[in-house]
Structures are given as C-alpha cells and as structure tokens.
Amino acid sequence: MTAQVITVTSGKGGVGKTTAVANLANALAMDGKKVVCIDGDIGLRNLDVVMGLENRIVYDIVDVIEGRCKLKQAMIRDKHYPDMYLIPAAQTRDKNAVSPSDMVRICNDLRPDADFIIIDSPAGIERGFRNAIAAADRVLVVTNPEVSAVRDADRVVGILEAEEKGTPHLIINRLNASLVRNNDMLSAEDVLDLLGIQLIGIVPEDESVIIGSNRGAPVVTDGKSRAGLAFRNIAKRLQGQDVPFLDLDQQSGLWGAIQRLTGRK
Amino acid sequence: MNFFTRKKSASSAKERLQLVLVHDRTDLTPAQLEALKDDLIKAISNYIEIDPEAVQIGLERDGREQRLVADIPLRSVSRHRAG
C-alpha cells in the first residue's frame with residue numbers, strides 16, 4: 001500500500017476547503033479506504049471541529065516535528081471509521097514551526113500504511129500553502145462561483161503550474177442552481193472556461209453542510225443531502241472511477257460544455 | 001435600464017474576470033501594454049508603412065494559454081489598389 005497525497009487548497013479563505021477535506025475523507029473511509037487527514041492550518045486549526053474530534057487531541061503535528069511524540073501518537077482515530085485518522089494542526093504556534101521538508105517526511109512515513117493522505121491547506125499563498133503542497137501527488141483547488149474566489153483560484157493554479165505540481169483539479173463549491181438559472185451567478189461552465197483546468201466536482205449550495213459541521217458529522221454521512229452526494233462522487237473519482245457529474249438543473253447545454261472543457265488538455 | 005434590457009450580473013462577472021485574469025497572469029498593466037503598442041508601431045514603421053491609428057493590440061486567452069494578438073493594417077496596400 002502506498003498512499004496518494006492529495007492537497008486541498010483555494011487561495012481565498014472561506015470557500016469550503018476544510019469542509020471538502022472532512023467530507024472527502026469520510027466518503028473515502030465509507031468506501032473502506034484507509035485515510036489520514038492533516039490539518040495544515042497552523043495557528044488556525046479547524047479540521048478537528050468539523051470532523052467532531054476536537055475533544056480527543058493530545059498531540060499535534062508540531063509535537064511530531066519537534067520530537068515530543070511519535071507520529072502514531074498524534075494520529076487521532078475517527079469515532080465512526082477506525083481506518084480514518086486526523087493529525088491536527090498546532091493551535092498556539094505559527095506556520096513557521098513547519099517546513100515543506102517536514103511535510104514531505106511526515107507524508108513519506110504515512111504512505112506505506114494508508115490509501116489516501118488528505119492535507120487541508122490554509123488560505124493564502126504563503127508558507128502554510130507551500131508546506132501543504134510540498135508533498136502533494138495531486139492538488140484540488142476549491143472555488144465558489146464568485147469573482148474573488150475565482151480570481152484567487154486562478155493565482156493558485158498559476159503558482160502550482162510554475163512549481164511544476166501539475167495542473168490541479170477543480171471543485172466548484174456552493175453552486176446555487178436557481179441563481180445560475182437566472183443568470184445571476186457564474187455557471188460551472190463559466191468558471192471552467194475562466195480557469196481552464198479540469199473539473200473533479202460541482203457541489204451545490206446546501207444547508208445540510210452547516211448542519212453537518214455543527215454536529216461534527218460531515219454531510220456525506222447524510223444520505224439525503226445533494227452536497228453529500230456530490231462529495232461522495234468526488235471521492236469515487238479520486239479512486240479512479242468514472243462517475244457522471246450531477247445534473248444540477250442548470251442551463252441547457254451545460255453538460256455538453258463541461259464535457260468539452262474537461263476533455264481539453 | 002429596465003428589467004428586460006438589464007444585463008444579468010453573471011455576464012458582467014465573467015467579462016470582468018476575463019480581463020482581470022489576463023492581467024494577473026501576464027503581470028502586464030494596461031499602461032505597459034500601451035507602451036508596447038507604441039514601440040511595436042515604431043519598429044514596424046522602419047520597414048513598412050502602417051496606419052498607427054488603426055493598430056490594435058490585446059491579450060487573449062485560450063484555456064490556460066495567453067496570447068498577444070496584434071492587428072496592424074498596412075497603409076500601402078490600399079494605395080497600390082487605387083493607383
């Protein structure tokens with residue numbers, strides 16, 4: 001077993017990176033995969049609360065790096081999926097406590113015993129972001145169909161290309177189908193055309209995402225949620241399965257447009 | 001602007017982003033582009049007669065590729081035809 005390291009990033013804050021990490025990890029665990037999540041947002045940790053594991057933290061990633069505990073001791077086992085773990089960020093330190101080579105070393109230590117390692121990147125394009133992408137085999141860029149999020153996503157894609165991290169895949173999060181229908185929100189097709197990268201999923205705006213975060217039970221575990229279904233589909237695509245994109249009832253021709261865009265290198 | 005002719009906000013979002021992204025990606029300001037245009041006109045005028053007023057230069061994108069596109073009408077062509 002050698003894990004694939006996936007980093008989730010966005011440039012802009014608040015677009016749903018942490019929610020995406022928690023949901024993709026849960027969806028992969030539901031498919032029987034061994035998953036380790038790493039919160040890369042040193043000083044502003046949140047993945048623990050979104051995953052409902054905040055009361056179990058003893059050690060964090062900086063304790064591992066500075067030799068105060070073994071890697072295994074900082075891995076918090078999930079409540080529902082025994083093959084899913086979280087390595088939390090340190091809350092009282094800053095991003096300079098971790099270096100890109102620390103991240104590479106930790107991921108290399110984890111690789112033999114996991115299927116997926118998912119890293120939650122902090123917002124921005126500074127040190128924390130550099131740390132988060134250092135070990136990535138694959139990068140997912142999360143954006144919202146909104147001008148500032150798309151602009152920042154484009155910056156991040158440009159940096160990833162310059163760093164020869166390959167072309168990332170795009171998650172369009174919080175798409176509101178009725179606004180798109182009224183032509184008052186950028187469509188998935190518009191965002192893909194602007195960014196020029198491959199799509200891996202469109203997640204509809206869905207109140208149950210907040211409800212899931214409130215409870216520390218990511219929305220993928222809710223069988224009725226549309227957003228949950230979208231995340232489960234992305235998890236399948238990460239495993240190499242060919243899953244059709246959800247029909248979000250948008251403008252006609254969207255489906256064809258997505259296929260054209262994603263088929264283009 | 002009434003209800004029927006009002007441009008929907010998604011269209012202006014896309015148009016504005018198209019421009020912003022081109023300049024973000026190339027790190028070239030509109031003023032620098034104008035200076036480039038003037039230099040280009042000077043250089044080309046050393047070899048062939050052009051109409052400086054009609055020259056158009058702009059940045060276009062196709063996926064993640066950027067392209068500098070110039071349209072430079074030649075002055076001599078129409079004169080030859082007329083003569």
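In chain B, 44% of the contacts between residues at least 6 apart in sequence join residues at least 24 apart. That is a good way into this predicted model, and the two chains can now be taken one after the other.

## Chain B

Three helices and two strands make up the secondary structure of chain B. If you start at the N terminus and walk along the chain, you meet them in the order α-α-β-β-α. Of the 83 residues here, 4% count as buried.

One residue to look for is Gly58(B), which you will find in strand β1 (residues 56-62) of chain B. Is Gly58(B) buried or exposed? Gly58(B) has 12 other C-beta atoms within 10 Å, and a residue counts as exposed at 12 or fewer, so Gly58(B) is exposed. Try finding Lys37(B) as well: Gly58(B) and Lys37(B) are 21 residues apart in sequence, and their C-alpha atoms are 9.1 Å apart in space.

## Chain A

Chain A has 11 helices and eight strands. Its radius of gyration is 18 Å, close to the 18 Å that the globule rule gives for 265 residues, so chain A is as compact as a globular protein of that length. Along the principal axes, the C-alpha atoms of chain A fill a box of roughly 55 × 40 × 35 Å. Buried residues make up 51% of the 265 residues in chain A.

The table puts some values for the two chains side by side.

| Chain | Residues and share buried | Share of contacts (separation of 6 or more) that join residues 24 or more apart |
|---|---|---|
| Chain A | 265 residues, 51% buried | 76% |
| Chain B | 83 residues, 4% buried | 44% |

## The nonpolar core

Which residues touch the most other members of the largest nonpolar core? They are Leu24(A), Ile117(A) and Ile118(A), in a core of 90 residues. Helix α1 (residues 17-30) of chain A gives the most to this core, with eight residues.

Take Ile117(A) as an example. Leaving aside residues up to four places away in sequence, Ile117(A) touches Ala3(A), Val5(A), Val36(A), Ile38(A), Cys107(A) and Leu110(A).

## A helix on the inside

Now turn to helix α5 (residues 127-134) of chain A. Six of its eight residues are buried, so this helix is largely enclosed by the rest of the structure. The buried residues are Gly128(A), Phe129(A), Asn131(A), Ala132(A), Ile133(A) and Ala134(A). What do they pack against? Their partners in chain A are β1 (4-9), α4 (100-110), β5 (116-120), β6 (138-143) and α6.

## Two helices that cross

α6(A) also packs with α8(A), at an angle of about 35° and with the axes 10 Å apart. The crossing of these two helices is right-handed. On the α6(A) side the residues are Val150(A), Ala153(A), Asp154(A) and Val157(A), and they meet Val191(A), Leu194(A) and Leu195(A) in α8(A). By type, the residues of this contact are six nonpolar, no polar and one charged.

## Where the chains meet

How many residues does each chain bring to the contact between chain A and chain B? Chain A brings 15 residues and chain B brings 15 residues. Helices α6 (147-162) and α8 (188-195) of chain A each supply at least two residues of the side that touches chain B. α6(A) gives the most to that side, with six residues. The residues on the chain A side divide into five nonpolar, four polar and six charged.

Definitions and conventions: Residues numbered from 1 in each chain as written. Chains lettered and ligands numbered in written order. Predicted model: local features only at pLDDT ≥ 70, side-chain atom pairs only at ≥ 80, totals over all residues. Core = buried A, V, L, I, M, F, W, Y, C linked by C-beta atoms within 7 Å. Buried ≥ 20, exposed ≤ 12 C-beta atoms within 10 Å, placed from the backbone. Helix = DSSP H or I, 4+ residues; strand = E, 2+ residues; numbered from the N terminus. Contact = placed C-beta atoms within 7 Å. Nonpolar A, V, L, I, M, F, W, Y, C, P; charged D, E, K, R; others polar. Rg over C-alpha atoms; globule rule 2.2 N^0.38 Å. Axes fitted to C-alpha atoms, helices over the stretch in contact; angles between N-to-C directions. Left-handed = near helix turned anticlockwise from the far one by under 90°.
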